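This report introduces a protein structure to a reader who has not met it before. Please look over the sequence and the structure before reading on.

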Amino acid sequence: MDTKVLSSGIRYTNLPEGYVRPESERPNLSEVSECKNVPVIDLACDDRSLIVQQVADACKNYGFFQAINHEVPLETVERVLEVAKEFFNLPVEEKLKLYSDDPSKTMRLSTSFNVNKEKVHNWRDYLRLHCYPLDKYVPEWPSNPSTFK
């Protein structure tokens, strides 16, 4: 690939070879069972130990869960998505300033978990940000777009 990020604006007509998994490693959708009981975890529950146990069980048995009563306003969720779109729509030169293939970095843009060791990469870009404690990590965060921080 000519660029290290997929969100470069390049339109691919064929999947680059480094992103093609052998058939034996691809999911067989005919063998995937329907999940009718997605774990729903009520974060307004007063029993914190119950919430912790439910999260642990959901992650162990399903790999995901739905959180309800999290009290994050819809406007906040929408704004986060807006800023994320702004970031990934930046010119590739701007995004590459944050690119790293070092998996130990606390803030980095990358395309795969460990591009140096993987045989097949994942078809996505992501921005990894550490958030806690906030005052320690926010200075590392991108300053472009200006609304990011």
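In which sense do strands S3 and S4 pair, and over how many bridges? The model is a predicted one, and in it S3 (residues 107-110) and S4 (residues 126-129) pair in the antiparallel sense, over four bridges.

## The strand pair

Within this pairing, Arg108 of S3 has Arg128 as its bridge partner in S4. In a regular strand, side chains alternate between the two faces of the sheet. Strand S3 is covered on both of its faces, since Met107 and Leu109 on one side are buried, as are Arg108 and Ser110 on the other.

## A buried acid in the loop

The loop between S3 and S4 holds Asp125, a residue that is buried and yet has no salt bridge. The nearest side chain of opposite charge belongs to Lys95, at 5.3 Å, whereas a salt bridge needs a side-chain nitrogen of Lys or Arg within 4 Å of a carboxyl oxygen.

Which polar atoms, then, lie around the side chain of Asp125? The backbone nitrogen of Ser7 is 2.6 Å from a polar atom of that side chain, and the side chain of Thr111 joins the side chain of Asp125 in a polar contact of 2.9 Å.

## Salt bridges

Side chains of opposite charge can pair when their charged atoms come close. How many salt bridges does a search of the whole structure find? The search finds three, one of which links Glu94 and Lys97, with 3.0 Å from N to O. Of these two partners, Glu94 is partly exposed, with a relative accessible area of 23%, while Lys97 counts as exposed because its relative accessibility is 61%. Elsewhere, Arg79, Glu82 and Glu86 are joined into one network by salt bridges that share partners.

In that network, the closest N and O atoms of Glu82 and Arg79 are 2.6 Å apart, and the salt bridge between Arg79 and Glu86 spans 3.5 Å from N to O. Glu82 and Arg79 are three residues apart in helix H2 (residues 74-88), so about one helical turn separates them. Each member of the network is partly exposed, with relative accessible areas of 43% for Glu82, 31% for Arg79 and 30% for Glu86.

## A nonpolar patch on the surface

On the surface, Ile10, Tyr12, Leu15, Val20 and Trp123 form a nonpolar patch, whose accessible area together is about 430 Å². Ile10 is placed in the segment before strand S1 (40-42), and with a relative accessibility of 41% Ile10 counts as partly exposed.

How values were computed. Residues numbered from 1 in each chain as written. Predicted model: local features only at pLDDT ≥ 70, side-chain atom pairs only at ≥ 80, totals over all residues. Heavy atoms only, no water. Patch = residues over 30% accessible without salt bridge, like charges linked within 9 Å, V, L, I, M, F, W, Y side chains within 5 Å. Areas by Shrake-Rupley, 256 points an atom, 1.4 Å probe, with all protein chains shown as cover. Helix = DSSP H or I, 4+ residues; strand = E, 2+ residues; numbered from the N terminus. Buried < 20%, exposed > 50% of the residue type's maximum accessible area, 1.4 Å probe, protein only. Pairing = 2+ DSSP bridges. Lys, Arg positive; Asp, Glu negative; His and termini not counted. Polar contact = N/O pair within 3.5 Å; in protein donor to acceptor, adjacent residues only side chain to side chain.
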